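Colleague: I should be grateful for some guidance on reading the sheet in this model. Where does one begin?

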Amino acid sequence: MIFEGLADKLQNTLKGLKGKGKLTEQDIDKAMREVKLALLEADVNFKVVKNFVKTVKERSLGTEVMESLTPGQQVIKIVNDEMTNLMGSVQSRITFASKPPTIVMMTGLQGAGKTTTVAKIGKMFKNQGKVPMAIACDVYRPAAIKQLQVVGEQAGIAVYTEEGNKDPVSIAKNGVERAKTLGHDLVLIDTAGRLHIDEALMDELKQIKAQVRPTEILLVVDSMTGQDAVNVSQSFDEALGIDGIVLTKLDGDTRGGAALSIKAVTGKPIKFSAIGEKLDDIEPFYPDRMASRILGMGDMLSLIEKAQASFDDKEAKKLEEKLKKSELDFDDFLAQMQQIKKMGPLKNILEMIPGMPKNLGDAEIDDKALVRIEAIIQSMTKKERSNPDIINASRRKRIANGSGTSIQEVNKLLKQFNEMKKMMKKLGPMAKNMKGKKGMKGFPGLPKGINFPF
């Protein structure tokens with residue numbers, strides 16, 4: 001989970017205020033001490049923490065809380081508001097040039113994930129109708145150009161290279177000219193990184209900036225480095241003048257100090273967050289949605305957007321008709337599950353659902369559980385998938401052997417699938433009114449009572 005350590009501590013602290021009918025100044029002081037400690041442990045900048053706690057306390061002691069019928073809820077709302085403000089209040093978008101191409105210069109230290117991020121951003125905008133080209137300007141790191149070619153091919157974007165040319169400035173200039181000639185409306189320049197900030201690195205970046213005049217300069221920083229990420233952002237901004245930040249490895253960061261400090265310290269917005277290793281694992285950074293996720297309030301808007309991007313409309317309509325007639329079979333279920341997998345790791349999806357319990361016990365909600373379910377279904381014959389009632393003891397044994405699972409796991413899936421079909425049948429008229437809904441409500445393998453909202 002994103003910011004797991006910080007999220008747990010903040011949620012536990014604020015939970016103690018929730019049920020109280022009346023709050024005293026001592027209650028708020030105690031809660032703010034815990035909040036301060038949680039933020040400092042998360043490696044949030046000390047000055048940022050000090051100002052944040054002061055503002056929350058002042059607002060919490062005001063009439064909007066003290067005279068409220070639900071003071072605890074009001075304090076949580078204030079924390080949510082101030083955390084959103086800390087990260088930038090509103091989403092900051094890429095500025096596109098009025099006359100194409102839009103030139104985005106990607107900068108950062110070595111190891112931050114810059115080259116992969118170039119491909120991720122290129123793919124994201126390609127899916128939105130842009131025609132991106134990446135330019136390989138890292139002539140120093142071994143295999144950096146080859147890496148960009150590989151990830152560029154995977155992302156389906158063009159990559160410009162001049163492998164015999166060792167001058168990054170001329171490569172950038174020639175690449176932009178080639179992009180204009182070929183009609184690319186978005187250019188992403190993958191510049192060289194260093195293990196630390198040095199004068200040579202900055203001089204080279206300044207020369208590229210002067211030569212190509214980028215529309216935007218984005219700094220890619222590793223969120224797991226905490227305050228170091230903030231210091232790097234300050235240094236790059238002072239020397240180069242950056243327009244925004246891309247936070248990488250956010251899925252592996254249990255602290256979150258960089259995300260909560262960068263905007264307040266540098267004044268530069270976080271524009272994108274990378275939340276996994278796959279090329280689709282990048283999303284625009286929404287301060288309000290991130291604050292909600294940290295405080296355990298979910299993120300339904302992002303979940304809906306992921307579902308809309310991942311689900312095929314034609315398949316959804318076919319499935320809807322089958323649901324109305326209670327004709328769901330394992331082929332439909334397999335197709336639905338494969339579309340859910342496109343949305344990213346299951347745990348990331350679950351944490352976007354408001355009210356999702358933190359501790360799901362022994363429930364198998366990891367992606368390996370989905371792989372096992374998929375293997376079981378693919379080990380069935382076409383006849384068995386369309387009519388699971390024919391699956392007797394000998395067939396179950398064959399399916400278990402073919403999928404590398406146990407007969408108990410096969411039995412469990414069949415039982416849950418039958419229960420879901422019964423539930424769909426009982427819904428009757430309600431199922432006929434599922435206008436615009438994409439997919440099914442239940443999902444085998446999840447704990448009882450936990451459903452996807454699509």
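Modeller: One begins with the order of the strands. In this predicted model, 8 strands form an open sheet, ordered S3-S2-S4-S1-S5-S6-S7-S8, with mixed pairing.

Colleague: Which strands stand at the edges, and why is one side of each left without a neighbour?

Modeller: The edges are taken by strand S3 (158-160) and strand S8 (282-284); each has a single partner strand, so one side of each lacks a neighbour in the sheet. Between neighbouring strands of this sheet the average turn is 25 degrees, direction ignored.

Colleague: How many bridges join strand S5 to strand S6, and how do the two run?

Modeller: Strand S5 (residues 216-222) and strand S6 (residues 244-248) run parallel and are joined by 5 bridges. Asp 222 stands opposite Thr 248 in S6.

Colleague: Which strands does helix H11 touch?

Modeller: Helix H11 (residues 257-266) packs on the sheet and touches S5, S6 and strand S7 (270-274). The direction of H11 makes about 165 degrees with that of S6. Helix H7 (residues 144-155), in turn, lies across strand S2 (132-136), S3 and strand S4 (186-190), and runs at about 165 degrees to S2.

Colleague: What is the average pLDDT of the protein, and which elements have the lowest and the highest mean?

Modeller: The pLDDT, the predictor's confidence in each residue, averages 81 over the protein, and 77% of the residues score at least 70. Among the elements, S4 has the highest mean pLDDT (97) and helix H21 (residues 429-432) the lowest (46). Over residues 428-454 the pLDDT is below 50, and this stretch has 74 contacts in the model beyond near neighbours in sequence.

Technical notes. Residues numbered from 1 in each chain as written. Predicted model: local features only at pLDDT ≥ 70, side-chain atom pairs only at ≥ 80, totals over all residues. Heavy atoms only, no water. Pairing = 2+ DSSP bridges. Helix = DSSP H or I, 4+ residues; strand = E, 2+ residues; numbered from the N terminus. Axes fitted to C-alpha atoms, helices over the stretch in contact; angles between N-to-C directions. Contact = heavy atoms within 4.5 Å. pLDDT = per-residue confidence, 0-100.
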